[in-house]
Every structure is written in structure tokens, then in C-alpha cells.
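Trainee: I am new to this one. Can we go through it together?

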Amino acid sequence: QVQLQESGPGLVKPSQTLSLTCTVSGGSITTNWYFWSWIRQPPGKGLEWIGYMAFDGRTYYSPSLKSRTSISRDTSKNQFTLQLWSVTPEDTAVYYCAREDLGHVNDYWGQGTQVTVSS
């Protein structure tokens, strides 16, 4: 059973960098053909895909967020990390990490973590 757990600060000031880590257990982030995603849901809105780190280390980002997003990983800890810089209150959301398969199905999710951007 794969489990994902997000961690990071719940409050970030405008213009600063949001940094969240997803710790994965029950499966390796280097296992072939899986993609490790970050997804968010702003209050009152739908889910927004941010980007992913593939099993082989490739990354792909949403075009709307690409200019200020980075996803990295630590294979020794089986973790992957989201950084979103120059945040504004519009980045306030519940942030999820999830596993995506080749069929583009997110089959495992973290519980989500609330991040509020406010001074």
C-alpha cells in the first residue's frame, strides 16, 4: 500500500517561497512508469495540477506556473519537494501530492496540507 504525506509550513508571506515535501512509503519514487505529482485546490475552486517528477527524474510543469515552480527529489529519503516562489494570496490552497500512472490516473494521494499566503 503506497502512502504519501505532505509536510511544510502552513503560512507563507507574500513574495516568499513556498516549499513542501512529500514523503512516500510503500513504494519507491524511482519505480518505472510512475509520476509523482503536486496538485492544489484553492478555496471554492477545482483541482489544479502543478507538475510532476517522473520515475527517471524528468520534470514537467503546468505552463501557467512553470516560470516560478520547481520540483526536486531525494531518492535516499524517498521524498520529492515542491518549491513555488514569489507567492501571492492567490496561491493559497490545499496542496496535495499524488502518484500518477501511465494512464494519467492519480491512484494514491496524500491527505493534503493547507497553505495560506498572507502577511
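Mentor: What follows is a short round of questions and answers.
This is a predicted model: local features need pLDDT of at least 70, side-chain atom pairs count only at pLDDT 80 or more, and totals for chains, interfaces and linings use all residues. Residues are numbered from 1 along each chain as its sequence is written, and side-chain values use heavy atoms, with hydrogens and water left out.

Trainee: Which strands stand at the edges of the open sheet?
Mentor: Strands are DSSP runs of E, at least two residues, numbered from the N terminus. Two of them pair if DSSP finds at least two bridges between them. Four strands form the open sheet, antiparallel, in the order 1-3-8-7. Each edge strand has a single partner, so one side of each lacks a neighbour in the sheet: these are strand 1 (3-7) and strand 7 (69-74).

Trainee: Which residue in strand 8 stands opposite Ser19?
Mentor: Strand 3 (residues 18-25) and strand 8 (residues 79-84) run antiparallel, joined by six bridges. Opposite Ser19 stands Gln83.

Trainee: Which strand gives the largest share of the largest nonpolar core?
Mentor: Such a core is a set of buried (under 20% relative accessible area) Ala, Val, Leu, Ile, Met, Phe, Trp, Tyr and Cys residues joined through side-chain atoms within 4.5 Å. This one has 24 residues; among those touching the most other members are Leu4, Trp38 and Phe80. Four residues, the largest share, come from strand 3.

Trainee: Is Gly57 buried, partly exposed or exposed, and what is its relative accessible area?
Mentor: Gly57 lies in the loop between strand 5 (48-54) and strand 6 (59-61). Exposed means over 50%, and partly exposed lies between that and the 20% limit for buried (1.4 Å probe, protein chains only). Gly57 is partly exposed, at 31%.
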